[in-house]
Amino acid sequence: MRHTTHLLYTLNVYTVCIVLRMTISHTLLGFLESGPCHGYDLKHSYDQRFGNDRPLHYGQVYSTLSRLLKRGLVEVEGMEPGGGPERKRYAITEAGVTDVTQWLVTPEKPDSYLQSTLYTKVVLAILTGRDAAKLLDAQRAEHLRLMRELTRRKTGGDLADQLICDHALFHLEADLRWLELTTARIDRLSAEVRS
Amino acid sequence: MSSAVLTAVGLRKTYGTTPALAGADFGISAGETVAVMGPSGSGKSTLLHCLAGIVLPDAGTIMYGGRKLSALSDAERSALRRSEFGFVFQFGQLVPELTCIENVALPLRLTGHSRRAAERAAMPWLERLEVADLANKRPGEISGGQGQRVAVARALATAPRVVFADEPTGALDSLNGERVMELLTDAARATKAAVVLVTHDPRVAAYADREIVVRDGHTRSMGAAA
Ligand SMILES: Nc1ncnc2c1ncn2[C@@H]1O[C@H](COP(=O)(O)OP(=O)(O)OP(=O)(O)O)[C@@H](O)[C@H]1O
Ligand SMILES: [Mg+2]
């Protein structure tokens, strides 16, 4: 049991890291389109707009910039005496602009959610003779609790907060509607699962 | 949690052979907003009507401010509804012949205020709901969303202890609906009014402090506010 949880956690963190790394490099490139700047400025622009509760580490910024440098998407435009990454001014290259454009115009793959943990839990609860309706209610309460929290944050926030919270709220709402529908169909589902 | 203003225990109500409520419980405190959710036909509106003294339950007890609702006469119950409760419904609640300011002033006039005093008290509510510029228009001349804001202003103008709202944003798009919810819950918290909010919409329910779910005439209370 503990093993599975740990594995899931690792997987999760791993996925988050990859996704984050991909968007970070494109985001930094995008910032550089409005003019050359230092890693320090990039970190601050990022934290201010997208950081939320997770500011970038300087290490992440400089490792991203060195990858971009290797791929020819940025170049060092000026260097103050002393050396070290924090002294360099970076500029976007032609190839860099093409890369950002490509990323922006390519639609994201919608998640299909076909491997829903919630669905698996409901079926397993039925199979093992546990109370699936109770499980759904508990999940529903948890979802609505988070929705209340995001709503509070949204009403006190600026437009950027509102958009970020709304995105999360719409996804939670979709889950919640699924939970309601499944609750309404629990008897039928039980009959099918047990047959 | 502070003391309850309105509580109900074991409510039952049957229409003909249809059991609308089959043992529903409820409780709400001053300044609290509670979302009442649940499938269509589960008994949400019936619960709200019973709590507001519009419909008498077949069994069960409702206590409001230390008084048993069922022990009051019809006249006492209507007086209570006029002076201590506010109502917002989904549609058609404004009087079409009256202007917006007259609509908001109406419940105050019914509780004995002069026309001038009632309209003077009504105006800040139109302002608070961001529709002061519509004061002299009639309901037929404004949009549904604007009408709903006027209706919320009217529900709050008598400084009610409890506001009953049945799908108050049901006819609005989500941007307008959420703004109305924000204004309603803000005003209610500021005036310490309790709000009983019936809604299908989880995003609307998320403006409440907690939720209860009605299924087949039974209430289930879900997680309280964190
Ligand atoms: N005045 C009435 N006369 C006869 N039956 C009624 C009356 N009011 C409600 N009912 C019945 O009682 C049950 C509960 O109705 P209620 O209006 O409380 O449901 P609801 O949860 O508000 O539904 P909705 O989400 O569709 O508004 C339903 O079966 C309904 O048909
Ligand atoms: Mg109803």
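This section describes the strand pairing and helix packing in chains A and B of a predicted model.

The predictor assigns the complex an ipTM of 0.85 and a pTM of 0.82. For chain B the average pLDDT is 92, and 97% of the residues score at least 70.

In chain A, an open sheet is built from 3 strands in the order β1-β3-β2, with antiparallel pairing. Strands β1 (37–38) and β2 (74–79) of chain A form the edges, each pairing on one side only. Helix α3 (residues 58–70) of chain A packs on this sheet and touches β2 and β3 of chain A, its direction making about 110° with that of β2(A). The pairing of β1(A) with strand β3 (residues 88–92) of chain A is antiparallel and comprises 2 bridges. Within this pairing, A:Cys37 lies opposite A:Tyr90 in β3(A). On the other pairing, β2(A) is joined to β3(A) by 5 bridges, again in the antiparallel sense. Here A:Met79 has A:Lys88 of β3(A) as its bridge partner.

Two helix pairs of chain A share helix α6. The axes of helix α5 (residues 117–127) of chain A and α6(A) come within 8 Å and cross at roughly 150°. An angle over 145 degrees counts as roughly antiparallel, and α5(A) and α6(A) are therefore placed in that class. On the α5(A) side the contact is made by A:Leu118, A:Lys121, A:Val122, A:Ala125 and A:Ile126, and on the α6(A) side by A:Ala132, A:Leu135, A:Leu136 and A:Gln139. By class, these residues comprise 7 nonpolar, 1 polar and 1 charged.

Helix α6 (residues 132–155) of chain A also packs against helix α7 (residues 159–184) of chain A, at an angle of about 160° and with the axes 9 Å apart. The two helices, α6(A) and α7(A), are therefore likewise roughly antiparallel to each other. Their crossing is left-handed. The contact of α6(A) with α7(A) contains 12 nonpolar, 6 polar and 7 charged residues.

In chain B, an open sheet of 6 strands follows the order β6-β7-β8-β3-β9-β10, and its pairing is mixed. Strands β6 (85–88) and β10 (218–221) of chain B stand at the edges with a single partner strand each, so that one side of each has no neighbour in the sheet. Direction ignored, neighbouring strands of the sheet are turned by 20° against each other on average. Strand β9 (residues 210–215) of chain B runs antiparallel to β10(B), to which it is joined by 4 bridges. In this pairing B:Arg215 is opposite B:His218 of β10(B). Helix α2 (residues 74–84) of chain B packs on the sheet, where it touches β6 and β7 (162–166) of chain B; the direction of α2(B) makes about 75° with that of β6(B).

Further strand pairing in chain B involves β1. Strand β1 (residues 4–15) of chain B pairs with strand β2 (residues 18–29) of chain B in the antiparallel sense over 9 bridges. One of the opposed positions is B:Ala4, which faces B:Ser29 in β2(B). Together β1(B) and β2(B) form a hairpin with 2 residues between them, and B:Gly16 in the turn has a positive phi of about 60°. In addition, β1(B) pairs in the antiparallel sense with strand β4 (residues 59–64) of chain B, over 5 bridges. In that pairing B:Val9 stands opposite B:Thr61 of β4(B).

A helix pair is also described for chain B. Helix α3 (residues 100–110) of chain B and helix α4 (residues 115–128) of chain B have axes that come within 8 Å and cross at roughly 120°. The helices α3(B) and α4(B) are therefore oblique to each other, and their crossing is right-handed. From α3(B), the residues B:Ile101, B:Glu102, B:Val104, B:Ala105, B:Leu108 and B:Arg109 meet B:Arg115, B:Ala118, B:Glu119, B:Ala121, B:Ala122, B:Met123, B:Trp125 and B:Leu126 of α4(B). The residues of this contact divide into 10 nonpolar, no polar and 4 charged.

Technical notes. Residues are numbered from 1 along each chain as its sequence is written. Chains are lettered from A and ligands numbered from 1 in the order in which they are written. This is a predicted model: local features need pLDDT of at least 70, side-chain atom pairs count only at pLDDT 80 or more; totals for chains, interfaces and linings use all residues. Side-chain values use heavy atoms; hydrogens and water are left out. Axes are lines fitted to C-alpha atoms, for helices over the stretch in contact, and angles run from 0 to 180 degrees between N-to-C directions. Angles under 35 degrees count as roughly parallel, over 145 as roughly antiparallel, 65 to 115 as roughly perpendicular and the rest as oblique. A crossing is left-handed if the near helix is turned anticlockwise from the far one by less than a right angle, and right-handed if clockwise. Ala, Val, Leu, Ile, Met, Phe, Trp, Tyr, Cys and Pro count as nonpolar, Asp, Glu, Lys and Arg as charged, and the others, Gly among them, as polar. pLDDT is the predictor's confidence in each residue, from 0 to 100. Two strands pair if DSSP finds at least two bridges between them. Contact means heavy atoms within 4.5 Å.
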